[in-house]
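Please open the model in your viewer and keep the sequence panel beside it, since this tour moves from one selection to the next. At each stop, select the residues named and compare the view with the description.

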Amino acid sequence: MRARDLGIALGELPTGRLNAITDVAGVRVGHATLIRGDNVRTGVTVILPHEGDAGTQPVFAGTHTLNGNGEMTGLEWVREAGTLVTAIGLTNTHSVGAVHHALVAASVRAARHPDHPRWSLPVVAETWDGYLNDIDGQHITADHVDAALAAAEGGPVAEGNVGGGTGMKAFGFKAGIGSASRVVADEHGGYTVGALVQANFGRRERLMVDGVPVGREIPRTEIPGPDPAVPAAEGGSIIVILATDAPLLPHQCRRLAQRASIGVARTGGGGEHDSGDIFLAFATGNRNLRAEDQADAVTRDIRMLDDDHITALFWAAIEATEEAILNSLLAAETMTGNGVTFHALPADRLLEILRRYGRGPAG
């Protein structure tokens with residue numbers, strides 16, 4: 001179930017064909033989901049920025065941190081060089097190292113010249129799934145990362161209780177992975193912006209959908225949160241990955257990443273003290289940054305979107321992030337782990353509330 005399946009259309013801009021990050025040509029997403037016994041609820045999601053080898057074909061990128069109680073590895077080099085040179089991995093907090101090591105190994109295997117040592121600083125981000133998952137068990141292995149890489153493809157993106165989002169929750173409901181996209185008008189280049197989120201944040205009473213205070217309308221007396229004995233089970237973190245086919249330079253990617261903050265805020269997120277809200281944007285509009293057939297070139301010819309047109313992309317990032325978060329909630333199913341239950345956001349109640357406030361589709 002997705003927002004558009006219910007007739008809920010957030011924002012003003014049109015979506016891409018799939019309404020997913022994979023609407024940006026070449027971007028691929030893969031998941032490995034691990035559900036075992038009563039308390040293993042976790043996984044890995046990988047995002048490949050294009051159809052080639054990211055290690056030899058970098059793309060411009062930028063990052064923004066709303067609140068830093070979290071981890072996204074590799075960001076120092078993204079900030080320094082302005083490029084993304086690896087796949088992106090999403091997982092749980094205590095499995096960052098395992099995913100990092102596995103992505104390095106995959107990069108080494110992909111090297112064209114195996115006799116030469118390969119350099120790799122993978123980008124791996126996390127949110128904490130310890131309410132539903134035995135996070136201290138560190139159940140993610142290299143095999144799961146390899147499975148996610150092998151499954152990575154364009155096309156529709158699986159959402160909700162999959163991959164890195166398997167054990168995640170948001171606004172006191174079950175959540176996980178979500179994706180969406182927007183296309184700007186031809187007068188601004190007709191470019192696409194896609195978002196993928198791993199949502200694990202937000203307090204029930206702050207959940208907003210299309211400006212409607214849905215969280216306040218569904219109290220815990222109606223749909224309970226986790227056991228009251230579970231401390232601080234609301235709040236938390238969110239990772240947002242933005243992709244665009246626009247020819248952005250690194251500082252423009254950074255500015256685009258900042259706008260994910262507004263998409264998060266429109267759903268009720270606020271970058272709390274204990275949250276890790278870290279965002280990365282990459283742009284595939286320049287693909288000749290390190291062309292092996294031009295190894296002796298001293299310069300590279302690149303393009304840059306005129307800043308007079310970048311505001312349209314900002315709004316695309318805002319709307320895509322907002323809808324991706326809602327999709328992460330709607331696609332997720334009720335889950336119990338570690339004796340804790342997070343319930344799904346009920347679509348029928350959501351529609352009823354939206355209609356009462358004059359939003360959403362007609363009854």
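Begin by selecting T22 together with V27, R28, V29, E153, G154, G155 and V157, which are the residues in contact with T22 once its neighbours within four places in sequence are left aside. In this predicted model, T22 is found in the segment before β1, the strand that covers 28-36. With a relative accessibility of 9%, T22 counts as buried, because the limit for that class is under 20%. If you now display polar contacts, the side chain of T22 reaches the backbone oxygen of G155 at 2.6 Å.

Next, move to L90, which has its place in strand β5, residues 88-92. Is L90 buried or exposed? Its relative accessibility is 1%, and L90 therefore counts as buried. Select G43, V44, T45, I47, A125, G164, I177, L196, Q198 and I239 as well, for these are the residues that L90 touches when those up to four places away in sequence are not counted. One of them, Q198, merits a distance label: the C-alpha atoms of L90 and Q198 are separated by 7.6 Å, although the two residues are 108 residues apart along the chain.

The third selection is the largest nonpolar core, which has 57 residues, and within which I8, V214, I238, L248, L326 and L350 have the most contacts. Colour β10 (192-200), β11 (237-244), α5 (250-258), α6 (260-267), β12 (276-283), α7 (310-331) and α8 (347-356), each of which supplies at least two residues of this core. Which element gives the largest share? That is α7, from which 12 residues of the core come. In soluble globular proteins, nonpolar side chains tend to be buried together.

To look at one member of this core more closely, centre the view on L350, which is in contact with I8, V209, V214, L326, L330 and L345, again leaving aside neighbours within four places in sequence. Apart from this core lies another one, of 27 residues, and a selection of A20, I21, V157 and I177 will show you some of its members. Two of these names have appeared already, as V157 is in contact with T22 and I177 is touched by L90.

Finally, switch to a surface representation and select W77, W119 and L121, which make a nonpolar surface patch of about 320 Å². W77 lies in helix α1, residues 75-81, and at 36% relative accessibility W77 counts as partly exposed.

Notes:
Residues are numbered from 1 along each chain as its sequence is written. This is a predicted model: local features need pLDDT of at least 70, side-chain atom pairs count only at pLDDT 80 or more; totals for chains, interfaces and linings use all residues. Side-chain values use heavy atoms; hydrogens and water are left out. Helices (H or I, at least four residues) and strands (E, at least two) are DSSP runs, numbered from the N terminus. Buried means under 20% relative accessible area, exposed over 50%, partly exposed in between (1.4 Å probe, protein chains only). Contact means heavy atoms within 4.5 Å. A nonpolar core is a set of buried Ala, Val, Leu, Ile, Met, Phe, Trp, Tyr and Cys residues joined through side-chain atoms within 4.5 Å. Patches are made of residues with over 30% relative accessible area and no salt bridge: like charges are joined within 9 Å, nonpolar side chains (Val, Leu, Ile, Met, Phe, Trp, Tyr) within 5 Å. Accessible areas come from the Shrake-Rupley method with a 1.4 Å probe; for residues, only the protein chains shown count as cover. A salt bridge is a side-chain nitrogen of Lys or Arg within 4 Å of a carboxyl oxygen of Asp or Glu. A polar contact is a pair of N or O atoms within 3.5 Å; within protein, one must be able to donate a hydrogen and the other to accept it, and residues adjacent in sequence count only if both atoms are side-chain atoms.
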